[in-house]
Amino acid sequence: MYKQFGISKEILDIADKAEQEVQEEFKKIDSLCEYNSLKVLNAFQKYCVSDIHFNSTTGYGYSDVGRDTIEKIFAEVLQAEDSLVRSQFISGTHALTVALFAFLRPDDIFLSISGKPYDTLDEVIGIVENPSSLIAHHVKYEQIDMINNDFDYDKIQKRASKKDIKLIEIQRSRGYSMRDSITLDKIEKVIKIIREVNENVIIMVDNCYGEMVEKIEPTNIGADVIVGSLIKNLGGGIAPNGAYIAGKKELVELAAERLTAPGLGKEVGPTLGINKQILQGLFFAPQVVASSLKTAIFASKLLENLGYDPNPKYNQKRSDIVQTITFHDKEKLIKFCQGIQMGSPIDSNSVPEPWDMPGYTDKVIMAAGAFTQGSSIELSCDAPIREPYMAFLQGGLTYQYGKLGVLKAVQMMQN
Ligand SMILES: *Cc1c(COP(=O)(O)O)cnc(C)c1O
């Protein structure tokens, strides 16, 4: 069977060895999964989820009890006062955009303390000129870069003490940058340092790829608001689209009034039949995130054993589901991504090529043989075509499918 799938005995043997070596890490993931499952089950029971919550509304979407219950459950799981969980959010970028435009007004200062935010926010902020950007709306943008994979605590505290900043953004995952993802103990430390000198600044965390990777979320440690996508972790591979914003009640309300309209806020938004999928996705999310983490850990060890440079290392503390592998070689990078595509259940016969994608500056290659378009909680791999030729691997609905995809990619690259 493996031979038919195109995996050689040699690769299988190396994979077996790597799998043995990561068993201790897998045990930790199992316990994380159980803890997060308990959180989800508790929330479902607290809000008495029942058949009626799988209802559907159309048109304005008034009185959608399923939608309202979903938002209470997300708030409970994320330890937030309230949440906005909507399929009217097109993507994580859209939810981040809605949040930023909801909280920031002309002349407000927006400070990013984890370096330049995710590539798709360049035009949202106006780092790349756009007539609809925050900067075009007279919001001022400032940035403090990270040093040695940590916050520049002194500079951040000094800047925050001036009290003229409206919003501080922290991006937990690394995006397409070279830095590590930021662990929650560092986020907790920086929030404490900010709060020592500034009680009012809104602290927002881009939580994309981070949900359920640790036992707590940024909202447990002082973040005012967090944002993420439902075609990543919390959608569990089942939510067909959407995103969430969760945090302080008044901030969620502002975001709702920006997503719909002032005066309408959370009261409208038809669910068009997806409530059951959102609930089921959240129900599966702890297990799917665990599978993604195991796939990442396995890939990290396997590629390390083969002499490549993975980050994080297999036994390093993680804060998101992203695994990078540096190839220092354009051809190997492309082959690896193409192998991930070949190991996918959908479109396995397509061959991805580097392409100009909207929202990204360099050419990007994207391998995603996913049930849901663009879903990166499903095994996927993407890479900007630039030095040092680093692949960003993430997802895996089950560990077994994740592992098979990685084997196929390694085989392609070694051929
Ligand atoms: C995925 C992601 C986003 C949003 O991307 P979408 O593709 O628009 O959902 C934003 N920030 C980070 C760190 C991400 O990983």
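In the predicted model, the side chain of S229 reaches the backbone nitrogen of I231 at a distance of 3.1 Å. S229 is found in strand β6, and with a relative accessibility of 3% S229 counts as buried, because the cut-off for burial is under 20%. When its neighbours within four places in sequence are left aside, the residues in contact with S229 are G92, C208, E211, L234, G242, A243 and Y244.

Strand β6, which comprises residues 225-229, runs antiparallel to strand β7, residues 243-247, and five bridges join the two. One of the residues of β6, V225, has G247 as its bridge partner in β7. Helix α9, formed by residues 249-259, packs on the sheet, where it touches β1, β5, β6 and β7, and the direction of α9 makes an angle of about 25° with that of β1. Helix α8, residues 184-197, also packs on the sheet and touches β4 (167-171) and β5 (202-206), with a direction at about 170° to that of β4.

The sheet to which these strands belong is open and consists of seven strands in the order β1-β7-β6-β5-β4-β2-β3, and its pairing is mixed. Its edges are formed by β1 (82-86) and β3 (140-143), each of which pairs on one side only. On average, and with direction ignored, neighbouring strands of this sheet are turned by 20° against each other.

Apart from the sheet, helix α2 was examined for its length and for the distribution of its buried residues. Helix α2 covers residues 9-21, and its 13 residues should span 18 Å at 1.5 Å a residue; the C-alpha atoms at its ends lie 19 Å apart, which agrees with that expectation. Within α2, the residues I11, L12, A15, A18 and E19 are buried, and since they cover an arc of only 125° around the axis, they are placed on the same side of α2. An α-helix has 3.6 residues a turn, so residues three or four places apart point the same way. The other side of α2 carries K9, E10 and Q20, which are exposed. The buried residues of α2 pack against four helices, namely α1 (2-5), α3 (23-46), α10 (275-305) and α12 (399-414).

Technical notes: Residues are numbered from 1 along each chain as its sequence is written. This is a predicted model: local features need pLDDT of at least 70, side-chain atom pairs count only at pLDDT 80 or more; totals for chains, interfaces and linings use all residues. Side-chain values use heavy atoms; hydrogens and water are left out. Two strands pair if DSSP finds at least two bridges between them. Axes are lines fitted to C-alpha atoms, for helices over the stretch in contact, and angles run from 0 to 180 degrees between N-to-C directions. Contact means heavy atoms within 4.5 Å. Buried means under 20% relative accessible area, exposed over 50%, partly exposed in between (1.4 Å probe, protein chains only). A polar contact is a pair of N or O atoms within 3.5 Å; within protein, one must be able to donate a hydrogen and the other to accept it, and residues adjacent in sequence count only if both atoms are side-chain atoms. The expected span of a helix is 1.5 Å times one less than its number of residues. The arc is that of the directions from the helix axis to the C-beta atoms.
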